Every structure is written in C-alpha cells, then in structure tokens.
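Thanks for coming. I will go through one model this morning, starting with its rings and then moving on to its sheet and its cores.

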Amino acid sequence: MVAAAAYRAAARLKDGRTGTVHDYSKKRGVAHAEVMTPAAAPAWMQDREQLWSHVEASEKRRDAQLAREINMALPHELTDEQRLELVRGFVAEQFVSRGMVADFAIHTPVRERGDDPRNHHAHVLLTLRKATAQGFHRTKTREWNADDLLKGWRAEFATRQNQFLGRHGFAARVDHRSLAVQREEAERAGDRPRAVMLDRVAELHVGPRAMKAVYSGRHPKSRDREQGPVR
C-alpha cells in the first residue's frame, strides 16, 4: 500500500515495514494530494507514510485486503479549484464521516504525454477499519463493502457533479448509470438518436494487469502510461 499511495500522490515514501523507498516524486499530472481523517483521529494518520506503513504492518495474512480504492471521473469543464472543492466535500461527507481515513489524489491530463485533455480524475484510497482517538479499530467494517453502499456513492457523486456544473453555468450533466440502462430508457422513450449514440462500448480506466502492477509495486519508471476515465 505504501507503493500504491506514493504512486497516486506522486510522492516519495518509505515503507516502515520493509525499509523500501518508493519514489514517484517526478510523476507528472498530480494536481493535488491530501489525507483526510475523522476529527477524533490521531495526528499521525494524516502522514501518508506513517498511515500506510501502519496499515501494512497491521495485516498478518499475505492475501489480506489492505485498502479500498474509489476512482472518480471529474468534470473537465470545472477549474482545478472547483474540482478540488467537489472531491474534498464528497470525500468528507461520504467516507470520512463514516470513520474512514481517505488519501486522495487528483490527476490531470498531461498533454505532452498525449493524454485526453478531458481526463481529469481522482483516486481515493480508503482504510478498512474505523479511525478512533486510540487508533484503528481492531476489526474491519465489513458493511463498507456492501454493493448497495457503492451504488449509493455512485448516484450521490453524479448528483454532486451536476450541482457543481449547474452552479458554474454549464449545461453538461453526468449520468452514473450504465450505457445499457441509459440506452433502454431512451428506447422506451422513443428517443432513437440518443439510443443509437448510447450503443457503444464503455471506456475503461486502469486494466487489471496495470492495477496488479500498481499494488505489487512494479510501476513503470521511464514511461508513465496510466489511463484515466473520460466522462
């Protein structure tokens, strides 16, 4: 997890358990990185290096789940400051308020690398145990893995994005539902042009092989080819 956190935040972090240094400080395209904690959490949890080193050291099983990651596409119409306000508010209300520690990084397209200029997105790493004044809870909060909760987050984030777009004068709107569901709705409404437009393959974020490389620490050194979601 220390390697994954360093990669997303474009940071140089030392794994407190192994002593390995993961240096991604030269990675481009990271507009902002921040650790948000519940009010009662101890100050050390806001230190990215200490936080994820502690998480790794706390797990004994080799196949243990260390964190949950939420990836969020962001409206390219907004400014950097507006996207940060959007992400920070959503993370505070939906994750931190429940007791999670959230380590998020906002990524922006790097034109020199050939990125799509609309490809603004955020990576949010979430702890699996509630943070308290005494440290992390002994057991993981299993209900945070519920499918209904994830669906609720998707719907709420779409609503938040549309509120921001409307507030700042943009007509564009976000729909969190799958293309298939949207297409069926258009067909029922007799909107043939929209149904045809929605008859396409959804775009992908990071593939499973790339994600495996990220979590194992085997990241590209000379060429950063990470792809992100296009809304």
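**Rings, sheet and cores**

Lys27 lies over the face of Tyr7, and the distance to the ring centre is 4.5 Å. Please keep in mind that this is a predicted model. There is a second arrangement of this kind, with Arg167 over the face of Phe164, at 4.5 Å from the ring centre.

Now rings against rings. How many aromatic pairs does a search of the whole structure find? It finds five. A pair of aromatic rings is described by two things, the distance of the centres and the angle of the planes. Take Phe95 and Trp153: their ring centres are 4.8 Å apart and their planes stand at 85 degrees, and because an angle over 60 degrees counts as edge-to-face, that is what this pair is.

Where do the two partners sit in the chain? Phe95 is in the loop between helix H3, residues 80–94, and strand E5, residues 102–107. Trp153 belongs to helix H4, residues 147–167. The two are 58 residues apart, so the pair links distant parts of the chain.

Are these two residues buried or exposed? Phe95 has a relative accessible area of 0%, so it is buried, the cut-off being under 20%. Trp153 comes out at 5%, and is buried as well. The pair is also part of a cluster: ring pairs link Phe90, Phe95, Trp153 and Phe157.

On to the sheet. Four strands make up an open sheet, in the order E3-E5-E6-E4, with antiparallel pairing. Which strands stand at the edges? They are E3, residues 30–36, and E4, residues 68–74. Each has a single partner strand, so one side of each is left without a neighbour in the sheet. From one strand to the next, the twist averages 15 degrees.

Looking at E5 in particular, six bridges join it to E3, and six bridges join it to E6. On the E3 side, Val35 stands opposite Asp103, and His32 has Ile106 as its bridge partner. On the E6 side, His107 is bridged to His121.

How many of the six residues of E5 are buried? Six of the six are, so the strand is mostly covered by the under 20% cut-off. That holds for both faces: Ala102, Phe104 and Ile106 are buried on one side, and Asp103, Ala105 and His107 on the other. Helix H2, residues 48–58, lies across E3, E5 and strand E6, residues 120–126. H2 runs at about 60 degrees to E3.

Last, the cores. The largest nonpolar core has 27 residues, and the members that touch the most others are Met72, Val87, Val91, Phe95 and Val124. Phe95 is the residue from the edge-to-face pair with Trp153. The elements giving two or more residues to this core are E4, H3, E5, E6 and H4. Which one gives the largest share? That is H4, with six residues.

Apart from this core lies another, of 21 residues, including Tyr7, Ala9, Leu51 and Val55. Tyr7 is the ring that has Lys27 over its face.

One more detail, on Val91. Leaving aside neighbours within four places in sequence, Val91 is in contact with Met36, Val96, Ala102 and Val124. Ala102 is one of the buried residues of E5. That is the end of my part.

Technical notes
Residues numbered from 1 in each chain as written. Predicted model: local features only at pLDDT ≥ 70, side-chain atom pairs only at ≥ 80, totals over all residues. Heavy atoms only, no water. Phe/Tyr/Trp six-rings, centres within 6.5 Å; stacked < 30°, edge-to-face > 60°. Buried < 20%, exposed > 50% of the residue type's maximum accessible area, 1.4 Å probe, protein only. Lys NZ or Arg CZ within 6 Å of the ring centre and 35° of its normal. Pairing = 2+ DSSP bridges. Axes fitted to C-alpha atoms, helices over the stretch in contact; angles between N-to-C directions. Contact = heavy atoms within 4.5 Å. Core = buried A, V, L, I, M, F, W, Y, C linked by side-chain atoms within 4.5 Å.
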